[in-house]
Structure formats: C-alpha cells, structure tokens
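Ready for some practice in reading a protein model? Work through each exercise yourself before you look at the solution.

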Amino acid sequence: VVVQGIADCAFVENGELVILDYKTDRGITLEQLAERYAGQLAVYRRALAACIGMTVKETLLYSFEAGLSITV
C-alpha cells in the first residue's frame with residue numbers, strides 16, 4: 001500500500017512525539033472533523049513512529065473555523 005500525505009506539524013514534548021494537522025473544513029462539528037480525519041491521523045501516527053523511532057504521545061487536529069484543537 002502506498003500512501004501520500006504531509007503532516008502539518010510534529011514536535012517532541014517530554015520525549016514523545018505530538019502530531020498536529022491543520023484543517024480548514026467549514027460547516028461541520030468538531031466531532032465530525034475527528035471522524036473524517038481519524039484514519040489519516042492513524043496513518044501519520046504509524047508512519048512517523050516507525051520513521052523517527054519515537055512513541056507518539058498524541059495526535060491533534062486544529063480547526064481554523066472553530067479556532068480549537070481536538071485530540072483524535
């Protein structure tokens with residue numbers, strides 16, 4: 001399986017990786033946003049953990065419309 005994508009932001013916090021992806025979707029709830037992108041973040045989690053060799057602490061979505069981040 002070949003997957004192409006770019007994680008918007010990844011950083012180390014207390015020795016673990018945090019993945020943050022920005023979203024510009026409009027007219028949907030934060031729950032819908034999380035449901036829509038959960039699979040994408042799961043792929044990022046697996047790929048970055050394998051490539052960097054670090055535990056992923058959390059994956060976050062930031063909604064520009066809501067001005068909030070949510071853990072997925």
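**Exercise 1. Decide whether Thr59 is buried or exposed, then find its surroundings.**

Step 1. Thr59 has 2% relative accessibility, so Thr59 counts as buried. (Buried means under 20% relative accessible area, exposed over 50%, and partly exposed in between, with a 1.4 Å probe and protein chains only.)

Step 2. Place Thr59 in the fold: the residue belongs to strand β3. (Helices, H or I with at least four residues, and strands, E with at least two, are DSSP runs numbered from the N terminus.)

Step 3. List the contacts, meaning heavy atoms within 4.5 Å. Apart from neighbours within four places in sequence, Thr59 touches Ile19, Leu41, Arg45, Ile70, Thr71 and Val72.

Step 4. Look at Val72 again: its backbone oxygen is 2.4 Å from a polar atom of the Thr59 side chain.

A note before you continue: this is a predicted model, in which local features need pLDDT of at least 70 and side-chain atom pairs count only at pLDDT 80 or more, while totals for chains, interfaces and linings use all residues. Residues are numbered from 1 along each chain as its sequence is written, and side-chain values use heavy atoms, leaving out hydrogens and water.

**Exercise 2. Find which elements supply at least two residues each to the largest nonpolar core.**

Step 1. Recall the term: a nonpolar core is a set of buried Ala, Val, Leu, Ile, Met, Phe, Trp, Tyr and Cys residues joined through side-chain atoms within 4.5 Å.

Step 2. Collect the members: the largest core has 11 residues, namely Leu17, Ile19, Leu33, Ala34, Tyr37, Leu41, Tyr44, Leu48, Val56, Leu61 and Ile70.

Step 3. Sort them: β2 (16-23), α1 (30-52) and β3 (56-63) each give at least two. With 6 residues, α1 provides the largest share.

Step 4. See what lies opposite: the buried residues of α1 pack against β1 (9-13), β2, β3 and β4 (68-71).

**Exercise 3. Find where α1 bends, and by about how many degrees.**

Step 1. The bend is at Tyr37 and is about 50°. (It is the angle between axes fitted to the seven residues ending there and the seven starting there.)

Step 2. Check the partners of Tyr37: beyond neighbours within four places in sequence, they are Lys23, Asp25 and Leu61.

**Exercise 4. Describe Asn14: where is this residue found?**

Step 1. Asn14 sits in the loop between β1 and β2.

Step 2. Its phi is near 55°, a positive value in a residue other than glycine.

Step 3. Asn14 has 72% relative accessibility and therefore counts as exposed.

Methods. A polar contact is a pair of N or O atoms within 3.5 Å; within protein, one must be able to donate a hydrogen and the other to accept it, and residues adjacent in sequence count only if both atoms are side-chain atoms.
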